[in-house]
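Reader: I am in my first year and would like a close look at a single part of this protein. Could you take me through the charged side chains along its helix, slowly and with the whole molecule in view?

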Amino acid sequence: MSKEVSGMFSFLLGVTAGVALGVLFAPKAGEETREDIKETMDNIKYKVDDIYHRSVLKTSELVEKGKEKTNDFIEKRKKRSSEEVEE
């Protein structure tokens with residue numbers, strides 16, 4: 001998961017740097033440039049939201065797996081303890 005988040009962060013950083021350089025060197029009117037910036041920021045916001053939601057989903061899945069493994073371990077220990085008491 002952290003590699004995926006790191007990769008997406010690098011991608012977004014690259015996009016931002018590219019947009020900034022493009023804005024500085026592009027011979028466009030101010031209104032066009034503002035519209036381009038707004039569009040790019042909307043795209044970045046969408047991608048950050050996507051990364052956030054996928055991270056939350058993945059974290060929830062990992063928590064559920066952890067709960068299952070913990071419950072399995074507790075059940076095995078209870079069973080083993082009751083078998084030892086019976087002997």
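Author: What follows goes from the whole protein to one helix and the charged residues along that helix.

Please keep in mind from the start that this is a predicted model. The protein has two helices and zero strands, and the part you ask about is helix α2, which covers residues 30-86. The other helix, α1, covers residues 2-25.

The overall form helps in reading the details. Taken along the principal axes, the C-alpha atoms fill a box of roughly 85 × 15 × 10 Å, and the radius of gyration is 25 Å, whereas a compact globule of 87 residues would have one near 12 Å. Of the 87 residues, 7% count as buried. The accessible surface comes to about 7,600 Å², and 60% of that surface belongs to carbon and sulfur atoms.

Charge is the next matter. The protein carries 16 positive and 18 negative charges, and the mean positions of these two sets are 4 Å apart. Side chains of opposite charge can pair when their charged atoms come close. In this model the count comes to four salt bridges, and three of them are described here, in order along the helix.

One of these pairs is aspartate 42 with lysine 38, where the closest N and O atoms are 3.1 Å apart. Both residues lie in helix α2, four residues apart, which is about one turn of the helix. Aspartate 42 counts as partly exposed because its relative accessibility is 40%, and lysine 38 counts as partly exposed because its value is 47%.

Further along, the side chains of aspartate 50 and arginine 54 meet in a salt bridge, with 3.2 Å from N to O. Because these two residues are four residues apart in helix α2, aspartate 50 and arginine 54 are separated by about one helical turn. Aspartate 50 has a relative accessible area of 31% and is therefore partly exposed, and arginine 54, with 33%, is partly exposed as well.

Another salt bridge joins the side chains of glutamate 64 and lysine 67, with 3.8 Å from N to O. Glutamate 64 and lysine 67 are three residues apart in helix α2, so about one helical turn separates them. Glutamate 64 is partly exposed because its relative accessible area is 42%, and lysine 67 is partly exposed because its relative accessibility is 46%.

There are also charged residues that form a group of like sign. Glu31, Glu32, Glu35 and Glu39 form a negative surface patch. Residues enter such a patch only if they have over 30% relative accessible area and no salt bridge. Glutamate 35, one of the patch residues, has its place in helix α2, and glutamate 35 is partly exposed because its relative accessible area is 45%.

Finally, a residue of the other helix gives a sense of distance. Methionine 8 is found in helix α1, and methionine 8 counts as partly exposed because its relative accessible area is 22%. Glutamate 31, which belongs to the negative patch, comes 23 residues away from methionine 8 along the chain, and the C-alpha atoms of these two residues are separated by 29 Å.

Definitions and conventions
Residues are numbered from 1 along each chain as its sequence is written. This is a predicted model: local features need pLDDT of at least 70, side-chain atom pairs count only at pLDDT 80 or more; totals for chains, interfaces and linings use all residues. Side-chain values use heavy atoms; hydrogens and water are left out. Patches are made of residues with over 30% relative accessible area and no salt bridge: like charges are joined within 9 Å, nonpolar side chains (Val, Leu, Ile, Met, Phe, Trp, Tyr) within 5 Å. Accessible areas come from the Shrake-Rupley method with a 1.4 Å probe; for residues, only the protein chains shown count as cover. Lys and Arg count as positive and Asp and Glu as negative; His and the chain ends are not counted. The place of a charge is taken as NZ of Lys, CZ of Arg, CG of Asp or CD of Glu. Buried means under 20% relative accessible area, exposed over 50%, partly exposed in between (1.4 Å probe, protein chains only). The radius of gyration is taken over C-alpha atoms; the globule rule is 2.2 Å times the number of residues to the power 0.38.
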